Structure formats: C-alpha cells, structure tokens
Amino acid sequence: MNKKVAVIGLGYVGLPLALLFAKKNYTVIGLDIDKRKIEALRQGKSYIPDVSNDVIQKEKNFQAYELKKGISAFQACEYVVVTVPTPITETHNPDLGPVISASTFLKEYMVKGQTIIYESSTYPGTLEEIVLPILKDSNLQAGIDFYLAYSPERVDPANKSYDIEHIPKVISGYSKECLHHIQTFYGIIFHKVVPVSSPKVAEMCKLFENIQRLVNISLVNETNELCEELGIDFYEVLQAASTKPFGFTPYYPGPGIGGHCIPVDPLYFLWKLKQNGLTSELIEAAHHINEEMPNKVIKRVEKQLKANEKRVLVVGVAYKKDVNDIRESPALTVCEGLLEKGYELTYHDPYIDSAVFNKQTYFSVPLTKEEIEKSDVVLVLTDHSQVDWSIVKNAKKVVDTRGILNE
C-alpha cells in the first residue's frame, strides 16, 4: 500500500478533504452510501458550493464508489478517513448511527497496516468507548495491526478566507504509535498539525469551539432584543465595540443558529455530562435562547402585519449565507410556525431550489419587484451574497433578522 487514501462520507467535510488529498498526489477513493452523490461525482458535478464542477472534472486522482462497491479499492489504501455525519435525535440525544455503520464496515473489511482516522464531531470518549470495541471484533489489534486516530474537522462552508489546507489540524492517536502515523500523514497534507495527548482532548476541542460560538451568538441575540426595547441600535453598538483592537470578537444576531455544528455539538456535550451526573447551566441557557429565537422572529412578523395581511415572502432558508445546507436551519422552524398561524408563504433562496415545510414541498420563487409587491412583508432569514438587496429595500414592510439592510 502506498500513497492511497479512502474517505468514507463525501459530504461538506469529506468531499473537500478527499480533493485536497488528491491535489497532494494521493490516489483517493471516495466512499458513500448515497447513490446520488456518487452518480453526480461520476458526471463531474458538485453538490456543495465550496467545490466547483471544474475541480471535480479535472481531478484525475479521485474516484467515487458506493460503499460496498469499492471494497477492493478501499483495501488497497494505507489511510482511511471517516467523515460521516453525527446528527442528533428528536429528543436531542447523539445519533451515532452513521459512525457505528462506518465502524462496522471497517471491522469487516479493513486490512492490516491501515491507519484509520475519524473526523466526525462527537462527544469525548466516542473513539475509545464506541468505535474501538467494534474494530476489536476484526481480530486486529489497535496500535499494532492497525492505527487508530482522531482529528476533528474544522470546515467552515462558504468561508473564502481559510481553506482547509491552511487551518491548523488538531490530531490525536489511541497510542503513541497511532499518533505517529497520523502525524506522518497529516504533517504532509496540512501546513500545521497540533498534536494533543488523547482522542478525548481532540474530541472535546471540537465541541468547545462550537460551544463558545453558541454562547456568544445567543448572547448577542438576547442583547439585540434588549437594546431594541431600550431604543438602542445594537448594530451600531457592535460596530463601535468592534473597533477595540484586543479582547473583543464580534458576533452577529440572527434568527437562530443552524447547521450541523453549532446547534448540535453543545448538545453532544450536555448529553455526555448527564451520563456522568453533571450539567452546565450556561450551555443550557444558551441552548434555550437559541431554541426560542424562531418564535421571537414569528412574533416580529405578526407585529408588522394587520389582520387581513397574510402574504409573507421569506428571503433565505439555508442556515447561513452562501451555502445550500438547511440542516438545523432556524428558517425551517420559522416557516412552519408561520404556516401554522395561517400565513401564506413563499420563499426565495438561490441555493435551495425546494424545501419541505409541514410535510408540503415549496419551491423557490424568483426575487422580482412583482413578487415583492405581492407580499405584505419580506422576512430576511439568510443574508446570501447573490441576493439583490436593493429590491428588498423597496418592500412595503421588512423584518430583517440579519441586519443586512443596515449596511
């Protein structure tokens, strides 16, 4: 085995990572259970904004297979990187189904000498308490027959300032030998690697990064509301505070926090705490504030409308600007809440062609002067760069949750 890498899970983390490995002259095998992704990649088409069709079409070192159809190619790889989703259940508990499925696949098909690296965000202890017992059933010994490591992903979709190659990479290993193997590999791929003492530290590092963001964004959302009650422009406050050259990082209000990481990772940590008879009052409070934001947005819309005004045009349903991802998007909760209250809903999003609200499919409409004139209020939920905001400014009424019209 030489200079070959398998990536299991070709989503927002796995696909860019696989293409980075390919760019570094590794032969890369991409594996996924989603047939639609594999077919799109084979046709040279991308399904995420951060990867262009041109990059996929020109990259000769990358091939994609359905999981069970790429076994022989997988077994020829020296390195295996697992980037499967780690969502939450309806009761806000960790859903490790994809991690367990990927681990079961590895148990059945991994071969001696491979280095297995998990990147999926999860609670501290997952690698050693969940993954390792599954892999042990392969009759291969970790640290001797194969090498087990964890490195938390740090992908930020639509962020043009930092590519994954230049973001420092935290790495850990089940043993010193395992750490050596991931450091040898990732030390070539990334400009900087940051070794830590154990997988638990690396797993917790990822959670803490997003706990910090949840707490701070919840803080600005609450402060924004309080300033509104006091007649203070919080965006002007933020602009002024941001001139401080030390000790202050600006966070911005919104309709709530969405995506796979910030609303999810803190709940993984809370779940782990509860398993050990512990809790965090601060994280619980921040989570509660975030959960209440969609209802507060709905109330802002209601204040703007008279009894006979029912037409709401939503601009943006993706969880953040310039991405085609609606996972955990607060826009979904807002739209469903408005429909339940009897409002007529249309939406525009250049990245989301269709979305399901209350089990009914809605399609994105063009953002035209006529569409805005038909609407009783325009509700801004996502501040996409491609939107013509000059048209929105001419609406009869606007509820702007992103401060985009203040610019």
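These exercises, each with a worked solution, explore a predicted model.

**Exercise 1. Helix α1**

Decide how enclosed helix α1 (residues 14-23) is, and look at what comes just after it.

*Solution.*
Step 1. Set the cut-off: buried means under 20% relative accessible area.
Step 2. List the buried residues of α1: Gly 14, Leu 15, Pro 16, Leu 17, Ala 18, Leu 19, Leu 20, Phe 21 and Ala 22.
Step 3. Draw the conclusion. Because 9 of the 10 residues are buried, α1 is largely enclosed by the rest of the structure.
Step 4. Move on to Asn 25, just after α1. Asn 25 takes a positive phi of about 75 degrees.

**Exercise 2. Two packed helices**

How do α5 and α6 pack, and at what angle?

*Solution.*
Step 1. Locate the helices. Helix α5 covers residues 97-109, and helix α6 covers residues 126-136.
Step 2. Read the geometry. The angle is about 25 degrees, and the axes lie 8 Å apart.
Step 3. Classify the angle. Angles under 35 degrees count as roughly parallel. So α5 is roughly parallel to α6.
Step 4. Add the handedness: α5 and α6 make a right-handed crossing.
Step 5. Find the residues that touch. From α5 come Val 99, Ile 100, Ser 103, Thr 104, Leu 106 and Lys 107. From α6 come Ile 130, Val 131, Ile 134 and Leu 135.
Step 6. Sort them by class. The contact has 7 nonpolar, 2 polar and 1 charged residues.

**Exercise 3. A sheet and its helices**

Work out the strand order of the open sheet of 4 strands, then find which helices pack on it.

*Solution.*
Step 1. Write the order: β10-β9-β13-β14, with parallel pairing.
Step 2. Mark the edges. These are β10 (344-348) and β14 (398-400), each pairing on one side only.
Step 3. Note the twist, which averages 20 degrees from one strand to the next.
Step 4. Zoom in on one pair. Strand β9 (residues 311-315) runs parallel to β10, and 5 bridges join them. Arg 311 stands opposite Glu 344 in β10.
Step 5. Add helix α11 (residues 281-304). Helix α11 packs on the sheet and touches β9, β13 (377-380) and β14. The directions of α11 and β14 make about 160 degrees.
Step 6. Add helix α12 (residues 330-340). Helix α12 packs on the sheet too, touching β9, β10 and β13. The directions of α12 and β10 make about 155 degrees.
Step 7. Return to β9 and Val 314, whose bridge partner in β10 is Tyr 347.
Step 8. Judge how enclosed β9 is. Since 4 of the 5 residues of β9 are buried, the strand is largely enclosed by the rest of the structure.

**Exercise 4. Three loop residues**

Is each of Ser 375, Asp 322 and Asn 358 buried or partly exposed?

*Solution.*
Step 1. Recall the cut-offs. Buried is under 20%, exposed is over 50%, and partly exposed lies in between.
Step 2. Take Ser 375, in the loop between α13 (369-374) and β13. Its relative accessibility is 4%, so Ser 375 counts as buried.
Step 3. Look for its contacts, leaving aside neighbours within four places in sequence. Ser 375 is in contact with Arg 311, Leu 313 and Lys 396.
Step 4. Take Asp 322, in the loop between β9 and α12. Its relative accessible area is 17%, so Asp 322 is buried.
Step 5. Take Asn 358, in the loop between β11 (354-357) and β12 (360-363). Its relative accessible area is 33%, so Asn 358 is partly exposed.
Step 6. Check the backbone. Most residues other than glycine have a negative phi. Asp 322 has a positive phi near 65 degrees. Asn 358 has a positive phi near 50 degrees.

Technical notes
Residues are numbered from 1 along each chain as its sequence is written. This is a predicted model: local features need pLDDT of at least 70, side-chain atom pairs count only at pLDDT 80 or more; totals for chains, interfaces and linings use all residues. Side-chain values use heavy atoms; hydrogens and water are left out. Buried means under 20% relative accessible area, exposed over 50%, partly exposed in between (1.4 Å probe, protein chains only). Two strands pair if DSSP finds at least two bridges between them. Axes are lines fitted to C-alpha atoms, for helices over the stretch in contact, and angles run from 0 to 180 degrees between N-to-C directions. Contact means heavy atoms within 4.5 Å. Angles under 35 degrees count as roughly parallel, over 145 as roughly antiparallel, 65 to 115 as roughly perpendicular and the rest as oblique. A crossing is left-handed if the near helix is turned anticlockwise from the far one by less than a right angle, and right-handed if clockwise. Ala, Val, Leu, Ile, Met, Phe, Trp, Tyr, Cys and Pro count as nonpolar, Asp, Glu, Lys and Arg as charged, and the others, Gly among them, as polar.
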